[in-house]
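Biologist: I have the sequence and the picture open side by side. Can you walk me through the labels and tell me what stands behind each of them?

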Amino acid sequence: MEALTYPEFSKHLTELLKKVELGEEIIIQHEETRENIAVLIPYKKYQEEHKNTLNKTDRKLGILKKTAGYKIKKNFKITDEELLNS
């Protein structure tokens with residue numbers, strides 16, 4: 001995984017995006033402290049990781065917490081926001 005400061009990243013943006021398209025991950029660091037700020041990853045990998053996280057998210061039962069339970073099937077396709085706004 002390549003690590004670059006923001007100025008280095010912006011200077012080589014086009015070639016770095018091509019690397020990301022090929023599956024590479026890029027770390028963007030603070031110019032002075034070299035502290036990691038962000039990671040640029042391929043969108044497909046982001047989608048896979050985000051999808052897995054959504055399936056594992058616990059939904060709170062409010063006043064029924066610890067007195068009731070539920071099970072969500074794997075093909076259930078609704079986010080917390082969609083559920084609460086319906």
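Modeller: Sure, starting with the sheet: it is open, has three strands in the order β1-β2-β3, and its pairing is mixed. The edge strands are β1 (2-5) and β3 (36-40). Bear in mind that this is a predicted model.

Biologist: What makes β1 and β3 edge strands?

Modeller: Each of them pairs on one side only. On average, neighbouring strands of this sheet are turned by 25° against each other, direction ignored.

Biologist: And why is the pairing called mixed?

Modeller: Look at the two pairings in turn. β1 and β2 pair in the parallel sense, whereas β2 and β3 run antiparallel.

Biologist: How do you know that β2 and β3 count as paired?

Modeller: Two strands pair if there are at least two bridges between them. Four bridges join β2 to β3, so they qualify. β1 and β2 also have four bridges, so that pairing holds too.

Biologist: Which residues face each other across those pairings?

Modeller: Glutamine 29 stands opposite asparagine 36 in β3. On the parallel side, leucine 4 has isoleucine 28 of β2 as its bridge partner.

Biologist: What packs on the sheet?

Modeller: Helix α2 (residues 13-21) does, touching β1, β2 and β3. The direction of α2 makes about 155° with that of β1.

Biologist: Why is glutamine 29 called buried?

Modeller: Buried means under 20% relative accessible area. Glutamine 29 has 11%, so it counts as buried. Glutamine 29 lies in strand β2 (residues 26-29). Leaving aside neighbours within four places in sequence, its contacts include Leu4, Tyr6, Arg34 and Asn36.

Biologist: Which way do the residues of β2 point?

Modeller: Ile26 and Ile28 point one way, Ile27 and Gln29 the other way, and all of them are buried. In a regular strand, side chains alternate between the two faces of the sheet.

Biologist: Now asparagine 36: what makes it partly exposed?

Modeller: Partly exposed covers the range between the 20% and 50% cut-offs. Asparagine 36 comes in at 47%, so it is partly exposed. Asparagine 36 sits in strand β3 and touches Ile27, Ile28 and Gln29, not counting residues up to four places away in sequence. The C-alpha atoms of asparagine 36 and leucine 4 are separated by 9.1 Å, with the two residues 32 apart along the chain.

Biologist: What is there to see in the hairpin of β2 and β3?

Modeller: That hairpin has six residues between the strands, and arginine 34 takes a positive phi near 60° there.

Biologist: Which residues make up a nonpolar patch on the surface?

Modeller: Tyr70, Ile72 and Phe76 do, with about 270 Å² of accessible area together.

Biologist: How do you know that isoleucine 72 is accessible enough for a patch?

Modeller: A patch residue needs over 30% relative accessible area. Isoleucine 72 has 37%, so it clears that cut-off and counts as partly exposed. Isoleucine 72 is found in the loop between α3 (43-56) and α4 (80-85).

Biologist: And the chain as a whole?

Modeller: The protein chain has four helices and three strands, running β-α-α-β-β-α-α from the N terminus on. Of its 86 residues, 14% count as buried. The chain exposes about 7800 Å², and carbon and sulfur atoms supply 54% of that.

Terms used
Residues are numbered from 1 along each chain as its sequence is written. This is a predicted model: local features need pLDDT of at least 70, side-chain atom pairs count only at pLDDT 80 or more; totals for chains, interfaces and linings use all residues. Side-chain values use heavy atoms; hydrogens and water are left out. Helices (H or I, at least four residues) and strands (E, at least two) are DSSP runs, numbered from the N terminus. Buried means under 20% relative accessible area, exposed over 50%, partly exposed in between (1.4 Å probe, protein chains only). Accessible areas come from the Shrake-Rupley method with a 1.4 Å probe; for residues, only the protein chains shown count as cover. Contact means heavy atoms within 4.5 Å. Patches are made of residues with over 30% relative accessible area and no salt bridge: like charges are joined within 9 Å, nonpolar side chains (Val, Leu, Ile, Met, Phe, Trp, Tyr) within 5 Å. A salt bridge is a side-chain nitrogen of Lys or Arg within 4 Å of a carboxyl oxygen of Asp or Glu. Axes are lines fitted to C-alpha atoms, for helices over the stretch in contact, and angles run from 0 to 180 degrees between N-to-C directions.
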